[in-house]
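User: Hello! I am new to this structure and would like to walk through some of its side-chain pairings with you. Could you show it to me?

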Amino acid sequence: MNTDPNNTGKILLLARHAKSAWGNEVVRDFDRPLSTRGLEDAPRMAAWLRGRKFVPDMLLCSPARRTRETATIYADTLGLPANSIIQEPAIYEASRTELIRVLQRYIEQSQCCMLVGHNPGLDAVLEYLCPTALPLTDTGKLLTTAAVAALQLRVIPANATAMLERGTACLLVLQRPREL
């Protein structure tokens, strides 16, 4: 993918939750757990992150069950303490604008921050921050379930707002579990 050797900014990992279960029982969207495939994909993606040396020091996640379970698998696989996971209610069903606001509150506290959330918000953030064309699947999808995009943000001292403006990130890699 694209890399910018002159940009030594912070790393932002955008991770869509792993595949969730759709059982026969009526379960609120918020309460859906990970499916068998999700429980397999999440640790594989976490191992891939570790192998690429993308280890977050902070995991922001939606309080929805499937994102909490995904974030917990990432933390466990990467050897992170449980307190590295911050449940942020604003992430659930958030728009791009809401997700950027959440990131602005936390990004300065982290060198490598991971946001575990939902679509369509995550796709919108990725498209907003990256000025170049992004790789889609054959079916036109960007962040499939359990996909992770690693972005390098330009460091603008004491200005998290400017760090997260349109076109200010460089996509390092976008990895989907089916492509591993």
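User: Which residue forms a salt bridge with Glu-88?

Analyst: Happy to help! This is a predicted model, where local features need pLDDT of at least 70, side-chain atom pairs count only at pLDDT 80 or more, and totals for chains, interfaces and linings use all residues. Residues are numbered from 1 along each chain as its sequence is written, and side-chain values use heavy atoms, with hydrogens and water left out. A salt bridge needs a side-chain nitrogen of Lys or Arg within 4 Å of a carboxyl oxygen of Asp or Glu. Here the closest N and O atoms are 3.0 Å apart, and the partner of Glu-88 is Arg-105.

User: How many residues apart are Glu-88 and Arg-105?

Analyst: Helices (H or I, at least four residues) and strands (E, at least two) are DSSP runs, numbered from the N terminus. Glu-88 sits in the loop between β3 and α3, while Arg-105 belongs to helix α3. The pair links distant parts of the chain, and the separation is 17 residues.

User: Is Glu-88 buried or exposed?

Analyst: Buried means under 20% relative accessible area, exposed over 50%, and partly exposed in between (1.4 Å probe, protein chains only). Arg-105, at 46%, is partly exposed. Glu-88 has a relative accessible area of 11%, so Glu-88 is buried.

User: Which residues are joined into one network by salt bridges that share partners?

Analyst: A search of the whole structure finds eight salt bridges. In one of them, the side chains of Arg-66 and Asp-29 meet at 3.1 Å, N to O. That pair brings together helix α2 and the loop between β1 and α1, 37 residues apart. Through shared partners, the network consists of Asp-29, Arg-32 and Arg-66.

User: What kind of aromatic pair do Phe-30 and Tyr-92 form?

Analyst: Rings of Phe, Tyr and Trp (its six-membered ring) pair if their centres lie within 6.5 Å; planes under 30 degrees apart count as stacked, over 60 as edge-to-face and the rest as tilted. By this rule there are two aromatic pairs. For Phe-30 and Tyr-92, the centres are 5.0 Å apart and the planes are at 85 degrees, making the pair edge-to-face.

User: Why does that pair tie together distant parts?

Analyst: Phe-30 lies in the loop between β1 (11-16) and α1 (36-51), and Tyr-92 in the loop between β3 and α3 (96-106). The pair therefore ties together parts whose separation in sequence is 62 residues.
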